[in-house]
Amino acid sequence: MTMRVLSVTSEAVPLVKTGGLADVAGALPGALAPHGVEMTTLLPGYPHVLASLGRTQVRHTWEFLLGTPARLLAGKLGGHPLLVLDAPGLYAREGKPYNDPAWRDWADNWQRFAALGRAAADLAGGAMVRRGKVERFDLVHAHDWQGAMACAYMRWKPYGSGAYVPSVATIHNIAFQGWFGAEVFPRLELPDSTWSLDGIEYHGGVSLLKAGLASADAVTTVSPTYAREILGPEFGMGLDGLIRARGPAVCGILNGIDGDVWNPQVDPALAQRYSVRTLSRRVANKRALEQEFGLDPGEGDRAGGPLFIVISRLTSQKGMDVLLEGIDHLVGLGGRLAVLGSGDPGFEQGLQAAVDRHPGKVALRIGYDEDLSHRMQGGADAILLPSRFEPCGLTQLYALAYGCVPVVARTGGLADTVIDANPAALAAGVATGIQHDGVNYYALTAAITRTMELYDNPAQWNLLQRNGMKADFSWSASGKAYADLYRRLTGA
Ligand code: ADP
């Protein structure tokens, strides 16, 4: 029997994206459909999400949803059912999903995302009536702190008096915890008893993520290694005690990639499409990339030294401070670097200074550019990911699929998805990239040196590329893992 699941998320491709969560939320409905799960996605009604709906229907109206009028509109997300929470008081504004145009967090983020959770809990409990029939969901899957309150309301203040509906909370990044002051607690409309150590209270304020992790029936995160890492204080970021207390309710399910969007054989963004069998065609993309970034051109396939890229939020989580320290080493060894990203102004300035020091060898695009990210993956030799922590990481998965060799810190999903080119893996012919232990100048520059040595051996390098391209990071295994989890929780 088809299972109906409501996915509660603050972003989903192709409608709204600030990071990997959007890729995952956008791909999940398609990944689950073959496993008998119909997933409906619930998104906030940001202006461009509403604009994308065209002719739509109102599915439900709230006179007051946590104090603000709201209604529910129907749409489609990549052919799958979509519900959009149209609450102009919360979402009808210019800016980013979480920040104003000056990058300050919206002051009412607690209300913007608690309302999303309250709406989801109402829908799970049967608030939506269509043609005289109550529409129900068998399970709710909430993402990150922005979706987490769905689980909290479902457990602590459910809608109606129907059967209990189970929930899953997925942590895409435990660093973002939805912290707000104690003054918002009364406005969340939760029972007083939830102001407690095993409720929503967190160091004298509230944490929306904590509420979700404490109340969900299962907690997942996006790689097995990250699921282990967050059991400890270094990666658990203050929530490790709660994660340990949830014990067997916690597991890691690796993200997949959307093969319709990230496939070098059909990618419309590429100057030259290619496959594992036609890898030599890739050089046309490298030439185009050099030109686009104004980098000194190479001549043959390998002339000009390896072209490294970074596609990233420019933050310390992503190790951008250490990248800055390593650039002179990379250029000194004959490499070139193209960076696409935005974030911390200090890192943007540091990168610009590196461009000024190394004209023709280092180039920078500040901003967010989806098409350019495809062209970079399809033309560069290697991608650097010196992340301090990485719950799953999608960028290295795209790189593997595109024959762009990932050079990664051994953490989280990076550890789980890249096979280091150590002597044993090279001898067995299974390596797909380079890993380094720790995120510091010495670890990164040693990894860059090792990458250069591998690049100097064309047969070896070619094998790394081909192994990566043949690795299967499609959603098929992970879609099944989520469907199995849902069935376990619902007893279906
Ligand atoms: P995170 O969600 O922590 O930022 P992930 O690796 O899980 O990291 O996902 C990042 C996603 O955002 C990838 O799809 C990556 O290609 C994309 N991305 C990051 N920065 C940029 C940028 N400046 N331009 C285009 N895409 C970007």
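A salt bridge is a side-chain nitrogen of Lys or Arg within 4 Å of a carboxyl oxygen of Asp or Glu. The views below come from a predicted model.

**View 1. A salt bridge inside helix 9 joins Arg-244 and Asp-240****.** The two side chains meet with N and O 3.0 Å apart. Both residues sit in helix 9, which spans residues 240-246. They are 4 residues apart, so about one helical turn separates them. Which partner is buried and which is partly exposed? Asp-240 is buried, with a relative accessible area of 9%. Arg-244 is partly exposed, at 46%.

**View 2. Asp-217 pairs with Arg-155****.** The closest N and O atoms of this salt bridge are 2.9 Å apart. Asp-217 lies in the loop between helix 6 (208-215) and strand 13 (218-221). Arg-155 belongs to helix 5, residues 144-156. The partners are 62 residues apart in sequence, so the pair ties together separate parts of the chain. Asp-217 is partly exposed, with a relative accessible area of 22%. Arg-155 also counts as partly exposed, with 37% relative accessibility.

**View 3. Asp-420 pairs with Arg-450****.** Here the closest N and O atoms lie 2.9 Å apart. The salt bridge links distant parts of the chain, 30 residues apart. Asp-420 is in the loop between helix 15 (412-417) and helix 16 (423-428). Arg-450 is in helix 17, residues 441-455. Asp-420 is buried, at 9% relative accessible area. Arg-450 is partly exposed, at 26%.

**View 4. Four residues form a salt-bridge network****.** Its members are Arg-4, Glu-38, Arg-130 and Glu-135. How many salt bridges does a search of the whole structure find? The search finds 22.

**View 5. The ligand sits in a shell of 20 residues****.** Lys-17, Gly-20, Arg-313, Gly-367 and Leu-394 come nearest to the ligand. The shell divides into 5 nonpolar, 8 polar and 7 charged residues. Strand 15 gives the most to this shell, with 3 residues.

**View 6. Gly-367, Tyr-368 and Asp-369 each place a polar atom by a ligand nitrogen****.** For Gly-367, a backbone N or O atom lies 2.8 Å from a nitrogen atom of the ligand. For Tyr-368, a polar side-chain atom lies 3.5 Å from a ligand nitrogen. For Asp-369, a polar backbone atom is 3.0 Å from a nitrogen atom of the ligand. How much of the ligand does the protein bury? Taken alone, the ligand exposes 560 Å², and the protein buries 93% of that. Several elements give two or more residues to the shell. They are helix 1 (20-32), strand 15 (307-314), strand 16 (336-343), helix 13 (370-377) and helix 14 (395-401).

**View 7. Cys-151 and Cys-251 stand apart****.** The structure holds 0 disulfides. Cys-151 is in no disulfide, and the nearest cysteine sulfur, that of Cys-251, is 14 Å away. Why does Cys-251 not bond with the closest cysteine sulfur, in Cys-392? The two sulfurs are 14 Å apart, too far for a bond. A disulfide needs its sulfur atoms within 2.5 Å. Cys-151 is buried, with a relative accessible area of 0%. Cys-251 is partly exposed, at 27%.

Definitions and conventions
Residues numbered from 1 in each chain as written. Predicted model: local features only at pLDDT ≥ 70, side-chain atom pairs only at ≥ 80, totals over all residues. Heavy atoms only, no water. Near = heavy atom within 4 Å. Polar contact = N/O pair within 3.5 Å; in protein donor to acceptor, adjacent residues only side chain to side chain. Areas by Shrake-Rupley, 256 points an atom, 1.4 Å probe, with all protein chains shown as cover. Nonpolar A, V, L, I, M, F, W, Y, C, P; charged D, E, K, R; others polar. Buried < 20%, exposed > 50% of the residue type's maximum accessible area, 1.4 Å probe, protein only.
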